[in-house]
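User: Please take a close look at one part of this model, the small open sheet. How is it put together, and what packs around it?

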Amino acid sequence: MVRSALEAASEGASSALTEQEKRPAHPRFDLSAVTARDAYPREALVPDPAWAALDAARLDAAARSTQQLAAMEADRVRPWPAVVLRVLRTALPASGLASSSTSSRPTERSDVLRALLYLTFLCRFNTIKRGIAPASGAEADAPTGEEQPHPMAGKLGLPPAAWHELLSGFTEPQAGAAADEVGATRRLTERMRQKLAMHAMALALWVGEGKGDSAELAQVCDESPPATSATPLAAGAFYLPRHLSRPARRPLPSLPALSYFPPRRRPQMLSLTPKQAGLYLRQLGCVMGKTRGSTAVELTVPLELPRVEQGRAAPKKR
């Protein structure tokens, strides 16, 4: 009797929440939208301050050069997601960049390029595995317009506007610190990584107008070295100790173990398996391909989101 009363109270409390509030990891969505890009509006995926600061001109130039695209694919310090490279190669709209002197609204090509750039920033931000300490005094006090990037942002190629949005939207203060404490070290917790993955996949679906590939979106990285690798270290190689690389005057009693330098791995962007990616995509409202082995996904509009289950018992510890 008490249990039934508690369950009824729980259902009553959950019914008072909106569909958006029931899904805190979801980007803002519109259940009445009839197009994929309206179902998850751009403003909910890329905040206006970051969007305004995105410069798509260099990415547009790179999309027109096979050499630059090859260099981007081989970059291990500032990696580019597979979906971004594919769109740059084969799926960009043909219209050119809009000029501010002739149009107040960017063309579709510019919109897609900006979205691809921010999607790249989301994925790079997710590769951070340690705590993010606040910027130094010199960086924090820099004048507006001349702000120096945070060391982590500089390493990953993230501009200040995008960095601040990602830091505030997808990190939490380290344990023991208040949520609004200035100067606290922040971390990408597991909860925040799930939220980031949902936003990144929704943005990729926005670019693809509701269509995508679950294996591609999972970003399961190929750890084999790139074919264009020029250095033995990057390709993975065995090295003999220096004293064994010269002719020996007398026999050596034993051969030391060879030193192995593993190949530099491509950083995992979202660190998801295809199965995990499929789960996230279903939560966003996607349907999977019906053909056996198909990895194609498509967003249903108007959105049909899975029901949020309430009051489930926590799993027992083994």
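Analyst: What follows goes through the sheet strand by strand, then turns to its surroundings.

The model is predicted. Its open sheet has three strands in the order 3-7-6, and the pairing is antiparallel. Strand 3 (211-213) and strand 6 (286-288) stand at the edges. Each has a single partner strand, so one side of each is left without a neighbour in the sheet. On average, neighbouring strands are turned by 30° against each other, direction ignored.

Now the pairings. Strands of a sheet pair through backbone hydrogen bonds, in either the parallel or the antiparallel sense. Here strand 6 pairs with strand 7 (residues 296-299) over three bridges, antiparallel. Val287 stands opposite Glu298 of strand 7. Met288 has Val297 in strand 7 as its bridge partner. On the other flank, strand 3 and strand 7 are also antiparallel, over three bridges. There, Asp213 has Ala296 of strand 7 as its bridge partner.

Next, the faces of strand 7. In a regular strand, side chains alternate between the two faces of the sheet. Strand 7 shows this alternation. Val297 and Leu299 point to one face and are buried. Ala296 and Glu298 point to the other face and are not buried.

What packs on the sheet? Helix 15 (residues 274-284) does, touching strand 6 and strand 7. The direction of helix 15 makes about 135° with that of strand 6.

Ser214 adds a further link. Ser214 lies in helix 13 (residues 214-218). With buried set at under 20% relative accessible area, Ser214 counts as buried because its relative accessibility is 6%. Beyond its neighbours within four places in sequence, Ser214 is in contact with Ala277, Leu281, Met288, Thr295 and Val297. Two of these names have come up already: Met288 and Val297 are bridge partners. Ala277 and Leu281 are also among the contacts of Ser214, and helix 15 spans residues 274-284.

To sum up, strand 7 pairs with strand 6 and with strand 3. Helix 15 packs on the sheet, and the buried Ser214 contacts Met288 and Val297.

Terms used
Residues are numbered from 1 along each chain as its sequence is written. This is a predicted model: local features need pLDDT of at least 70, side-chain atom pairs count only at pLDDT 80 or more; totals for chains, interfaces and linings use all residues. Side-chain values use heavy atoms; hydrogens and water are left out. Helices (H or I, at least four residues) and strands (E, at least two) are DSSP runs, numbered from the N terminus. Buried means under 20% relative accessible area, exposed over 50%, partly exposed in between (1.4 Å probe, protein chains only). Contact means heavy atoms within 4.5 Å. Two strands pair if DSSP finds at least two bridges between them. Axes are lines fitted to C-alpha atoms, for helices over the stretch in contact, and angles run from 0 to 180 degrees between N-to-C directions.
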